[in-house]
Amino acid sequence: MEKARPLWDNPLQFVFACISYAVGLGNVWRFPYLCQMYGGGGFLIPYIIMLIVEGMPLLYLELAVGQRMRKGSIGAWKIISPYLCGVGVASVVVSFFLSMYYNVINAWAFWYLFHSFQDPLPWATCPLNSNRTGYEEECEKTSSTQYFWYRQTLNISPSLETSGTVQWEQALCLILAWLVVYLCILRGTASTGKVVYVTASLPYCVLIIYLIRGLTLHGAVNGLIYMFTPKLEQLSNPKTWISAATQIFFSLGLGFGSLIAFASYNDPSNNCERHAIIVSLINSTTSIFASIVTFSIYGFKATFNYESCINKVILLLMNTFDLEEGSLTADNLSEMKDYLMAAHPQEYAQLSPQLKNCSLEAELDTAVQGTGLAFIVYSEAIKNMEVSQLYSVLYFAMLLMLGIGSMLGNTAAILTPLTDSKAITSRFSKEVISGFVCFINCIIGLIFTMEAGNYWFDIFNDYAATLSLLLIVLVETIAVCYIYGLRRFEKDLQTMIGRKLNWNPSIPSVGWHTGAAGDKRLPQLRPGSDRAAGGLIHHVHTPGGTPNFHKEETEEGKSLHCRMNTENWIGKDLTHTTSDRALLEASSNHYL
Amino acid sequence: MLGVLLLAFSVVSVASAELCKPDAQNAFKVRLSIKTALGDNAYAWDANEEYLFKAMIAFTMRRYSSKSTTQISNVLLCNVTDRVSFWFVVTDSSKNTTTVPGSEVEAAIRMNRNRINSAFLLSDKTLQFLKISTTLSPPVEPSTPVWLIVFGVVLSLIVAGIVFLVVSGIQQRKKKNKESTERENLEEKGEVTITIENGIPCETLDLKAGHVNGVFAADDERFTSL
């Protein structure tokens with residue numbers, strides 16, 4: 001007896017799963033940095049263009065492949081062509097690399113979350129040195145938040161060669177992070193489907209709270225003005241366009257096989273076109289939304305630092321020249337400095353190395369991305385807010401949700417091909433396979449909890465997934481367009497969704513990738529060629545994607561109905577079901 | 001007579017001027033930041049406040065060494081600026097011409113720092129004795145770090161969830177196995193016929209995975225009549 005393929009309870013779970021996977025830490029810590037580097041508000045122009053040209057088509061492609069083939073990445077590409085199962089294997093390997101190092105971020109988020117229940121926050125003040133006369137030297141030279149991150153969290157060693165020991169606190173947090181992931185994927189879509197309701201929606205609640213809080217902070221406006229003033233000259237810089245393209249690409253998580261895995265658990269008549277558009281739009285909107293929050297926080301932090309710098313200079317001058325308190329303010333500082341330079345030249349000259357030139361621009365210019373932004377800049381801003389514990393807990397809980405949502409996708413990409421393979425499922429149950437994968441990843445992930453772990457993390461972050469993904473997606477697009485056949489794919493999509501496509505998904509992405517003109521035929525009704533397949537499929541509007549085909553006139557359509565009601569439609573037994581033969585021969589089948 | 005008095009007075013003032021001057025031996029510089037500490041409630045620094053300061057230092061010296069007989073007149077202040085900073089020195093009570101060693105004064109002040117601070121409503125940061133480094137109080141550390149407690153709570157919840165799901169999964173599988181073996185036994189006895197289409201028992205077709213198409217399921221003839 002064939003076991004039914006598990007499905008999402010409703011299409012909403014699928015959309016939430018995709019959103020939860022796509023909206024991840026990159027939206028929060030990479031996009032604001034890119035915005036800042038490549039022209040502020042002007043960066044939105046290449047970003048939106050790339051979204052429409054590259055993001056949506058590729059997302060649609062992956063979702064459609066998964067939904068149609070109803071298998072994980074290895075199985076899906078094997079169906080397209082047996083020579084292509086290497087693409088699937090490559091996706092699984094890349095997902096494996098990613099899940100190895102990505103969960104360490106969740107471990108760090110847990111660590112900060114657990115430390116947020118203290119008053120004052122541990123990264124708010126430097127610890128005292130051994131004879132209690134002052135603060136720790138290392139902490140004095142940098143800042144308390146950096147000290148907490150580099151010394152108390154990572155305990156970082158001076159270089160990659162000195163590996164040091166495994167930090168037991170980080171190892172514990174990593175084990176906890178993997179246990180959480182295991183709990184969420186334990187029952188497959190049944191458990192994942194419930195969890196994604198939380199992981200998809202909680203970050204938005206927190207972002208809204210932070211938006212309100214951020215905009216009311218003193219100095220937030222400075223950051224927002226700085227971000228949104230478009231510097232349109234950056235548009236002529238090719239790096240801007242490349243960064244926009246890569247950001248869209250990696251933000252949507254294409255090429256890992258997670259989207260194929262998620263879509264394979266879909267009802268075959270699910271409207272994946274609409275979902276692709278929704279998911280990509282939500283992903284980009286979240287990026288922009290998160291960057292508004294980030295820039296108001298930046299503005300607050302920069303203004304705070306600028307004002308402390310000014311206060312330090314004022315104090316230094318007052319103490320040296322024994323001026324009355326209150327005589328030096330931020331406004332008259334420059335005049336007073338000139339006066340003092342003229343009146344007491346020698347003492348002023350002695351003092352001048354210590355007098356820093358405070359500049360708000362310089363503070364705002366410190367563009368940070370990655371873990372530095374999330375764990376240092378944000379925590380620095382949080383410690384200066386009132387009720388900092390609450391904001392801290394909310395923020396790190398949000399980071400956790402974003403991270404776990406992405407991890408669910410990664411592990412689904414690894415587990416779906418494994419559970420599809422009969423050889424493995426006959427011997428081990430799903431729980432054992434998931435547990436085994438989590439266990440292996442956890443053990444390997446302990447590398448990143450060593451003292452040199454952050455260096456390893458940077459290596460993996462920069463090299464594990466970048467080039468391989470581009471190649472994988474390039475081969476995917478070529479495979480679907482030329483090996484499987486664009487027309488055949490179009491037809492499959494039409495039968496799945498039930499209506500005419502209004503734009504061909506793969507063509508823009510092929511054009512982008514190969515740079516060639518590609519096959520630019522538009523999917524109009526082509527009566528001549530379709531008649532060979534046994535009849536026209538008329539344009540039928542299906543609200544909500546439910547298979548309401550009773551308006552169909554063709555034999556093909558009728559046979560399609562029957563198959564919709566059983567589990568065996570198209571996927572595995574294509575070659576053995578005789579009623580499919582007509583469809584097979586008509587669509588110029590190349591394989592098997 | 002007047003001349004002698006004048007001479008004595010000038011000698012004393014010269015002596016005290018020599019004892020108390022910036023960077024003199026055993027002299028300490030004090031800096032107050034009253035406006036920073038108190039804002040609108042700041043008091044002005046005048047002769048009365050100086051008198052209080054001298055009294056506090058004398059009190060400190062007496063408290064430090066119980067045999068000390070320091071008087072207020074033994075504490076000399078000089079070079080008072082608008083910043084509110086000045087130098088002070090403590091002279092020996094027995095001989096007015098020598099000063100108490102700086103180390104003694106430092107130790108005395110360290111011991112009684114709180115009392116001095118609270119007399120002026122200031123803190124270690126706003127009433128600074130420039131050569132005397134303060135002993136900072138360490139933060140309160142609970143015996144078990146807080147994070148471990150939270151970690152323990154979360155960990156136990158997660159583990160409980162995993163155990164629950166795994167155990168219920170095993171139980172479900174056992175029940176299904178039992179049911180299928182029962183059904184097989186019944187099938188062998190030929191008592192139950194199960195309708196099958198395409199190798200799939202019809203019960204599974206009623207699961208959420210399939211949609212019953214109204215056109216074809218309109219009547220009860222789901223299977224083509226023979």
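**Helix packing in chain A and the make-up of chain B**

Visitor: What kind of crossing do helix 11 and helix 14 of chain A make in this predicted model?

Guide: Helix 11 of chain A passes helix 14 of chain A in a right-handed crossing.

Visitor: Why are these two helices of chain A called oblique to each other?

Guide: Helix 11 (residues 220–228) and helix 14 (residues 272–321) of chain A pack at about 125°. Angles of 65 to 115 degrees count as roughly perpendicular and those over 145 as roughly antiparallel. The angle of about 125° falls in neither range, so helix 11 and helix 14 of chain A are oblique. Their axes are 6 Å apart.

Visitor: Which residues of helix 11 of chain A meet helix 14 of chain A?

Guide: Ala220(A), Asn222(A), Gly223(A), Leu224(A), Met227(A) and Phe228(A) do. Their partners in helix 14 of chain A include Ser291(A), Phe295(A), Gly299(A) and Thr303(A).

Visitor: What classes of residue make up this contact between helix 11 and helix 14 of chain A?

Guide: The contact has seven nonpolar, six polar and no charged residues. Gly counts as polar, so Gly223(A) and Gly299(A) fall in the polar class.

Visitor: What makes up the secondary structure of chain B?

Guide: Chain B has seven helices and six strands, in the order α-β-α-α-β-β-α-α-β-α-β-β-α along the sequence.

Visitor: How much of chain B is buried, and how much area does chain B expose?

Guide: Of the 226 residues in chain B, 31% are buried, meaning under 20% relative accessible area. Chain B exposes about 14700 Å², with 57% of that area supplied by carbon and sulfur atoms.

How values were computed:
Residues numbered from 1 in each chain as written. Chains lettered and ligands numbered in written order. Predicted model: local features only at pLDDT ≥ 70, side-chain atom pairs only at ≥ 80, totals over all residues. Heavy atoms only, no water. Axes fitted to C-alpha atoms, helices over the stretch in contact; angles between N-to-C directions. Helix = DSSP H or I, 4+ residues; strand = E, 2+ residues; numbered from the N terminus. Parallel < 35°, antiparallel > 145°, perpendicular 65-115°, else oblique. Left-handed = near helix turned anticlockwise from the far one by under 90°. Contact = heavy atoms within 4.5 Å. Buried < 20%, exposed > 50% of the residue type's maximum accessible area, 1.4 Å probe, protein only. Areas by Shrake-Rupley, 256 points an atom, 1.4 Å probe, with all protein chains shown as cover.
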